[in-house]
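Let's take a friendly walk through this model, beginning in its interior and ending at its pockets. Keep the viewer open and follow along.

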Amino acid sequence: MSSALEVVLSLLVRDLQSTGGISLQVRDEPVNGDSEYESVWLLSRDGSRTGLLAPLAMAEPDRVVHVADQVQEFVHEELWGLGRPATWPECLEHPGTHPLQPERTPKGPGWVCPKSGHTAGCIGEL
């Protein structure tokens, strides 16, 4: 795994830890042989795995959002499988209703409320 993808995943692990999410298990093995992507496997608690792909040509802020979106989808599936609400990271402005969305904001990649458009924080700083 390149240091760029490792940094993005460390931001997401930090957000998972600070918000009571799941532990993210990563296998540093390419998903495919496509040289235009970095890739790793996310390991599920049931033994299955999900490929995470990050385009190398994508601008860094967009890449962080792209990876965050994939990780969020994986986390939602894991939470659902555990019988927990799939609202990670939870919108504190509207508790119990929806998760925040990863988006590019004026301050960089952030977690944004889909209803109000307010940024709850930068990715990695929840």
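L12 is a good place to start: beyond its neighbours within four places in sequence, L12 is in contact with V67, A68, V71, W88, W111 and I123. Bear in mind that this is a predicted model, and every contact described here is computed from its atoms.

Now widen the view around that leucine. L12 belongs to the largest nonpolar core, a set of 25 residues, and together with L9, L52, V67 and V71 it touches the most other members. Helix 1 (3-18), strand 2 (37-43), strand 3 and helix 2 each give two or more residues to this core. Helix 2 has the largest share, with seven residues. As a general background, nonpolar side chains in soluble globular proteins tend to be buried together.

Next, turn to the strands. Strand 1, residues 25-27, pairs with strand 2 in the antiparallel sense over three bridges. One point to look for here is R27, whose bridge partner in strand 2 is W41. Strand 2 also pairs with strand 3, again in the antiparallel sense, over seven bridges. Within that pairing, E38 has A54 of strand 3 as its bridge partner. Strands 2 and 3 form a hairpin with five residues between them, and in the turn G47 has a positive phi of about 95°. How enclosed is strand 2 by the rest of the structure? Five of its seven residues are buried, so strand 2 is largely enclosed.

The bridge between E38 and A54 leads us on to a charged residue. R63 lies in helix 2. Why does R63 count as buried? Its relative accessibility is 3%, and buried means under 20%, so R63 falls within the cut-off. Leaving aside neighbours within four places in sequence, R63 is in contact with both E38 and A54, as well as with A4, L5, P55, L56 and M58.

Past helix 2, stop at T87, which sits in the loop between helix 2 and strand 4 (101-105). Is T87 buried or exposed? T87 is buried, because its relative accessible area is 17% and the cut-off for buried is under 20%. Apart from neighbours within four places in sequence, T87 is in contact with H76, H98 and P99.

Finally, consider the empty space. Rolling a probe the size of a water molecule over the atoms shows where such space is left. The largest pocket holds about 300 Å³. Its lining has 19 residues, and those nearest the centre of the pocket are T19, P89, E90, C91 and L92. By class, that lining divides into ten nonpolar, six polar and three charged residues.

The second largest pocket has a volume of about 200 Å³. It is lined by 13 residues, of which T50, E73, F74, E77 and E78 are the closest to its centre. Which elements each supply at least two residues of this lining? They are strand 3 (49-55) and helix 2 (60-81), and helix 2 gives the most, with six residues. Here the lining has two nonpolar, five polar and six charged residues. Helix 2 is thus a useful element to keep on display: it gives seven residues to the largest nonpolar core and six to the lining of the second largest pocket.

How values were computed: Residues numbered from 1 in each chain as written. Predicted model: local features only at pLDDT ≥ 70, side-chain atom pairs only at ≥ 80, totals over all residues. Heavy atoms only, no water. 1 Å grid on protein atoms, 1.4 Å probe; cavity = no way out; pocket = protein on both sides within 12 Å on 5 of 7 lines; lining within 4 Å. Points joined across faces, edges and corners; volume = space filled by probe spheres on them. Nonpolar A, V, L, I, M, F, W, Y, C, P; charged D, E, K, R; others polar. Helix = DSSP H or I, 4+ residues; strand = E, 2+ residues; numbered from the N terminus. Core = buried A, V, L, I, M, F, W, Y, C linked by side-chain atoms within 4.5 Å. Buried < 20%, exposed > 50% of the residue type's maximum accessible area, 1.4 Å probe, protein only. Contact = heavy atoms within 4.5 Å. Pairing = 2+ DSSP bridges.
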